[in-house]
Amino acid sequence: MSPAGRQQPSQHAPELRAAARHFGRRHAGRRHFLTFSAAAAALAFATNLPTAGVAGAAELDPARITENPFTLGVASGDPQATSVLLWTRLAPTPYQADSGLPAERVTVRWELARDERFKHVVRRGTTIAHPEFHHSVHVEVGHLDPDRVFHYRFKVGSWISPAGRTRTAPSSRARVDELRLAAVSCQAYHDGYYTAYGHLAEDDVDMVFHVGDYLYEYAVDSVGGARNYTDRVLPDLFNHETITLEDYRLRYSLYKTDPDLQAAHAAHPFVVTSDDHEVENNYADDIPENSVPPEEFLLRRAAGYRSYWENLPLRRPQRPEGPDMQLYRRLHWGRLAQFDILDTRQYRSDQAYGDGADVPGPESDDPARTITGATQERWLIDGWRDSQALWNVVPQQVIFSQRKFDLTSPSRMSMDAWDGYRASRGRVLAGAKSAGVENLMVFTGDVHVAYAFDIKDDFDDPGSRTLGTEIVTTSITSGRDGAERPANWETYMTANPHLKFYNGRRGYTTVSFGREVARADFKTVPAVTVPGAAISVAASFVTEVGDQGLKPA
């Protein structure tokens, strides 16, 4: 990572930089919810994405594919009551820029069945893997029965993919008694093995929420960083920070060849939203961490967003247009739960006082500042007013609750989290109260530790009303092995009475929602720098319907 304030030399071709400069001028002062314009088209071209489709491109004869094209596995995502989204990307040689395929379209067959042996196929069809999408496919299969488990697979020529398991959600009016899900985040490849994903693949959950940092922009050396490989040597093309579209695409190829990550995706549908590292650490809207021209950063952001969509199970509305990508969206699980998935990175005001730890002040508390953008904020609160769900759940990226770093007063807080946008948090909580939201839960990642917070009406008054709870899932690998009690454990637990649990190991969290109670189980592994660690439950908490607040289970 380049030091903050240091300008990086451009790695984009001059003509692409010129196109991005044109977009940068159009983008200034109009950051939020841009429409796709001629400038965006120029930027799309700049990231090697043609402005028109490639239906006229030559079609590849599948017989020419002599190596397994399904090296990156399969995935599904965003389950709806009558629809599932299926994903794969063809990559016979994933560590090459072209993944071992020519710039030709490939016909891919798919099947959806009720049984894992595919004796009872309910839907089948074909789709095209286009080279401009790096031969990824996103198949939306509709007209399905609600609340059903399905199995799926892909075929190209004589090659057959691994099978995946997915499901539809219950119908919107269904009375549902239980939902079990997992929350995951922060999976720096170079920080260790994806052991937690291997355990998650065997866990009994209905879906998985990934709340950010699926990919890191940082270099991965020949031994895979902390993985310290002795049985392979990674190519040097991974040993630099990701900047260009080719860089990001190759880095996804590295991450997605991991067998534990593939197993988790094959076992469960994922609902994903990105944070910062999918592009660059701590960026805010169109403001980069480093001092590069805005057009340069927008070009990088477009590359990061494009490769994110290509490599994850996202539906068509989430496909980016240049440097803009609509990730905030809403899902339902019958009348039991409504999920409002947020994007707290793309529309935010720049961090106050830098992006580290500082004492809040007039700049950070400016009422005009926002972490969601005005449009997304209204969308969230309007969705709560219309909600018929028992539980309203908000998967998002950064710490929502107040988190003091010191025992002194005033205390430093994170300027990158909601503590750096307290007026924004106040408006959201006021909206929850006005909408009559009684059972609120926030899912968070980002910080590479597990926390359990009560969300207070007044965080400085422990006796104030508890409005909801926040479950912060630890990282899959980021931060390496960690510690059960980090050095600041006692300080944080004392300074924050609404903080009920703090653990610094790696792992994930499962949450079960019922009609009377929700239960969170924080699951951790003792190490990720060596493979094969066992998993255990570090702590469990419950919060009751109509009586919010975390209690040990």
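How many Å² does the protein chain expose, and what percentage of that do carbon and sulfur atoms supply? With the whole chain selected in this predicted model, the exposed area comes to about 20400 Å², of which carbon and sulfur atoms supply 48%. The chain has 9 helices and 24 strands, and 62% of its 553 residues count as buried. Among contacts with a separation of 6 or more, 70% are between residues 24 or more positions apart.

Before going further, colour the chain by pLDDT, whose mean is 92, with 90% of the residues reaching 70 or more. Two stretches call for care: residues 1-9, where the pLDDT is below 50 and the model has 24 contacts beyond near neighbours in sequence, and residues 28-39, where the pLDDT is also below 50 and the corresponding number of contacts is 19.

Next, select strand 1 (74-77) together with strand 2 (residues 84-89), and follow the 4 bridges that join these antiparallel strands. Val74 and Ser76 point one way from strand 1 while Ala75 and Gly77 point the other way, yet all of them are buried. Across the pair, Ser76 stands opposite Leu86 of strand 2. In this hairpin, which has 6 residues between the strands, Asp78 takes a positive phi near 45 degrees.

From strand 1, move to helix 5 (residues 259-267), whose buried residues are Leu261, Gln262, Ala264, His265, Ala266 and Ala267. These buried residues pack against strand 1, and also against strand 6 (149-156), strand 8 (164-167), helix 3 (195-202), helix 4 (245-256) and strand 11 (270-272). At the N-terminal end of the helix, look for the cap made by Asp258, where a side-chain oxygen lies 2.9 Å from the backbone nitrogen of Asp260.

Helix 5 also leads to the largest nonpolar core, since it is among the elements that give two or more residues to this core, as are strand 9 (178-184), helix 3, helix 4, strand 11 and helix 6 (294-311). Of the 45 residues in the core, those that touch the most other members are Tyr189, Tyr197, Leu200, Tyr308 and Leu314. Helix 4 provides the largest share, 6 residues.

Which residues does Tyr189 touch, not counting those up to four places away in sequence? Centred on Tyr189, the view should take in Tyr194, Val220, Gly224, Arg227, Tyr229, Leu234, Leu254, Tyr255 and Thr477. As a last stop, select Ile381, Tyr421, Val437 and Val472, which are included in a second, separate core of 34 residues.

Definitions and conventions:
Residues numbered from 1 in each chain as written. Predicted model: local features only at pLDDT ≥ 70, side-chain atom pairs only at ≥ 80, totals over all residues. Heavy atoms only, no water. Buried < 20%, exposed > 50% of the residue type's maximum accessible area, 1.4 Å probe, protein only. Contact = heavy atoms within 4.5 Å. Polar contact = N/O pair within 3.5 Å; in protein donor to acceptor, adjacent residues only side chain to side chain. pLDDT = per-residue confidence, 0-100. Core = buried A, V, L, I, M, F, W, Y, C linked by side-chain atoms within 4.5 Å. Pairing = 2+ DSSP bridges. Areas by Shrake-Rupley, 256 points an atom, 1.4 Å probe, with all protein chains shown as cover.
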